[in-house]
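Hi everyone, thanks for having me. I'd like to walk you through a structure today, so let's get it up on the screen.

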Number of protein chains: 2
Amino acid sequence: MSEDFQAPDPQQLAAFFALMEAVSLLQHRVEQHLRTDGKISYVQFQVLTRLASADGQLTMTQLADGVVYSRSGLTYQAGLLEDAGLITRSPSPDDERSITVTITDKGRALVNRVLPGHVEVLRRQLFDSLSDDDLHRLGDIMAMVRDHMRAQPPRSAAPRKRRATP
Amino acid sequence: MSEDFQAPDPQQLAAFFALMEAVSLLQHRVEQHLRTDGKISYVQFQVLTRLASADGQLTMTQLADGVVYSRSGLTYQAGLLEDAGLITRSPSPDDERSITVTITDKGRALVNRVLPGHVEVLRRQLFDSLSDDDLHRLGDIMAMVRDHMRAQPPRSAAPRKRRATP
DNA sequence: GCCACATTATTCGAATTCGAAGCATGTAAG
DNA sequence: CTTACATGCTTCGAATTCGAATAATGTGGC
C-alpha cells in the first residue's frame, strides 16, 4: 500500500473518511425519517424545499443543478411529484425550451408538515453532537469546499470547447 | 415556512446544506474518476480498500457495516467483484453461516493502480481548498459526528423483534 | 435569412439500490 | 434433546439512478 507516489497525509485521509462515513449515516437517517413520516424521498423533499424558498418556481435545470442531480433523474422525480399533486409543470414564457416547475399548496403543506420532524432529526443526529463554535466552523469549511468544487470543473469531463484546429 | 415549531437556527441549516451539497459534489467527482480510470464504482473501491487495510479478509457483515450499505446491496457488489476476479468468497471456518471475503492479488493490484489518481482527485477537490488547520478541524468534527450517530440508534427503526401480540 | 452549434428537457435501456422474505446455522431456555 | 428465537447471507421484485440518444428551441456568424 505504500509505494512511490506522493503519499497522502494520514490525517487528510482520516478527515475524508470521517466526512464520507458521517454524511452517509446522516443521509440514511434523514431518508428514513422522511420516508416514514411524509412518504417522500430526500430528493423529493429537496426539490420541494428549494421551490418553497425560491418563491415558488424554478426551471428544471435550476433544480437539477441545485440538487446535484442528473437531468433525467430529475425528470423522473418531477413526474412523481406532479402525479402526487405536489408540483405543476408548465412551459416557460421566456424560453420555449424551458419548463417552469411550480410548487402547489399541497406541496407547501407537505413541507410544513414534515419540516419540524426533519429539523428534529438534524438536531438529534448532527447539531447536538457539536458545539456552536464547531458547527459554525463546519459551515464555513464546507461552504469553502463547495465553492471550490463548483468553481473547478471536473478533470476529464471538461467540455471539449477548446479549439480543435478551427 | 415560518411557523410555531422550534425554529432552527439559520446558521445550523446553512451548515447542514453546505455539508450535504459539498459531499454530493465530491462523491460525483470521485465516482467519475474511479469509473473512467479503474472501471469500478466507489462502493467497489471502498470494499477493496477496506479489505486491503484489514489484512485481506472480512466477513460480509463487517464489510456492509463499514461501508454503510444494505446487506443485499453488498451481496450484489460482491458478486460483481468476484466475477471480475478481484475478491473471493469462502465459507468461514468458525461460523458456518458466515462468508469470508478475501481480496485477490488482482484486487490489490487494481487498488494500487487507481489509488494515486484517487488521492490526486481528493487533493485537488478537497484538500487544496483547506488550510491544514481547517482540515484537521474538519476531521475532528466529522469523527465526533460519526461516533455520535453510530452510538445513537435510529429513532423509529430501533427495536426489531418486538413480540407481536403474544 | 440561413447554417452550425448550444441549450433544455425527455425517453429509453441498463445498472444499482433497498427492503422483505427465505434459508441455513447458531444459541439459549426449558 | 427440543423448541424458540437470533444471526448471516442470498434471492427476489420494485423503485431509483445515470448516461446516451432524441427532439425542439435559441443564438451567433456570415
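**A walk through the model**

Let's begin with the order of the pieces: going along the sequence, chain A runs α-α-β-α-α-β-β-α-α. That gives chain A 6 helices and 3 strands. Before I go on, please keep in mind that this is a predicted model.

A couple of numbers on chain A as a whole. It has 166 residues, and 28% of them are buried. Then there are the contacts: if you take those in chain A between residues at least 6 apart in sequence, 49% of them join residues at least 24 apart.

Okay, on to how the two protein chains meet. How many residues of chain B are in contact with chain A? There are 51 on the chain B side, and they touch 51 residues of chain A. On chain B's side, α1, α5 (105-125) and α6 each put in at least two residues. The largest share belongs to α1(B), with 18 residues. And if you sort that side of chain B by class, you get 31 nonpolar, 14 polar and 6 charged residues.

Now let's look at the nonpolar cores. The largest one has 32 residues, and the members that touch the most others are A:Leu19, A:Ala22, A:Met142, B:Leu19, B:Ala22 and B:Met142. Which helices feed this core? At least two residues come from each of α1 (10-38) and α6 (132-151) of chain A, and likewise from each of α1 (10-38) and α6 (132-151) of chain B. There's also a second, separate core of 20 residues, with A:Ile40, A:Phe45, A:Leu81 and A:Leu115 among them.

If you want one residue to click on here, try B:Leu19. Setting aside residues up to four places away in sequence, B:Leu19 touches A:Val23, A:Leu138 and A:Met142.

Next, the DNA. Let's take strand C. There are 24 residues around DNA strand C, and A:Thr61, A:Ser72, B:Ser72, B:Gly73 and B:Glu96 come nearest. The elements giving two or more residues to that surface are α3 (60-67) and α4 (71-83) of chain A, along with α4 of chain B. Which one gives the most? That's α4(B), with 5 residues. By class, the surface near strand C has 7 nonpolar, 10 polar and 7 charged residues.

And strand D? DNA strand D is surrounded by 24 residues, and the closest are A:Ser72, A:Gly73, A:Glu96, B:Thr61 and B:Ser72. For this strand, the elements with two or more residues are α4 of chain A plus α3 and α4 of chain B. Here α4(A) gives the most, with 5 residues. The class split for the surface near strand D reads 7 nonpolar, 10 polar and 7 charged.

Since α3 and α4 keep coming up, let's zoom in on that pair in chain B. The axes of α3 (residues 60-67) and α4 (residues 71-83) of chain B come within 10 Å and cross at roughly 110 degrees. So α3(B) and α4(B) are roughly perpendicular to each other. On the α3(B) side you have B:Met60, B:Leu63, B:Ala64 and B:Val67, and they meet B:Arg71, B:Leu74 and B:Ala78 in α4(B). That contact is made of 6 nonpolar residues, no polar ones and 1 charged.

What sits in the loop between those two helices of chain B? One residue there is B:Val68. Most residues other than glycine have a negative phi. B:Val68 goes the other way, with a positive phi near 60 degrees. It has 16 C-beta neighbours inside 10 Å, so B:Val68 counts as partly exposed.

Chain A has a similar story to tell at A:Lys39: not a glycine, yet its phi is positive, about 55 degrees. You'll find A:Lys39 in the loop between α1 and α2 (42-53) of chain A. Is A:Lys39 buried or exposed? With 11 C-beta neighbours inside 10 Å, A:Lys39 counts as exposed.

Last stop: A:Gly38, in helix α1 of chain A. Because A:Gly38 has 18 C-beta neighbours inside 10 Å, it counts as partly exposed. Leaving out neighbours within four places in sequence, A:Gly38 is in contact with A:Leu110, A:Arg113 and A:Val114. And how far is A:Gly38 from A:Pro8? They are 30 residues apart in sequence and 43 Å apart in space, C-alpha to C-alpha.

Terms used: Residues numbered from 1 in each chain as written. Chains lettered and ligands numbered in written order. Predicted model: local features only at pLDDT ≥ 70, side-chain atom pairs only at ≥ 80, totals over all residues. Axes fitted to C-alpha atoms, helices over the stretch in contact; angles between N-to-C directions. Helix = DSSP H or I, 4+ residues; strand = E, 2+ residues; numbered from the N terminus. Parallel < 35°, antiparallel > 145°, perpendicular 65-115°, else oblique. Contact = placed C-beta atoms within 7 Å. Nonpolar A, V, L, I, M, F, W, Y, C, P; charged D, E, K, R; others polar. Buried ≥ 20, exposed ≤ 12 C-beta atoms within 10 Å, placed from the backbone. Near = placed C-beta within 6 Å. Core = buried A, V, L, I, M, F, W, Y, C linked by C-beta atoms within 7 Å.
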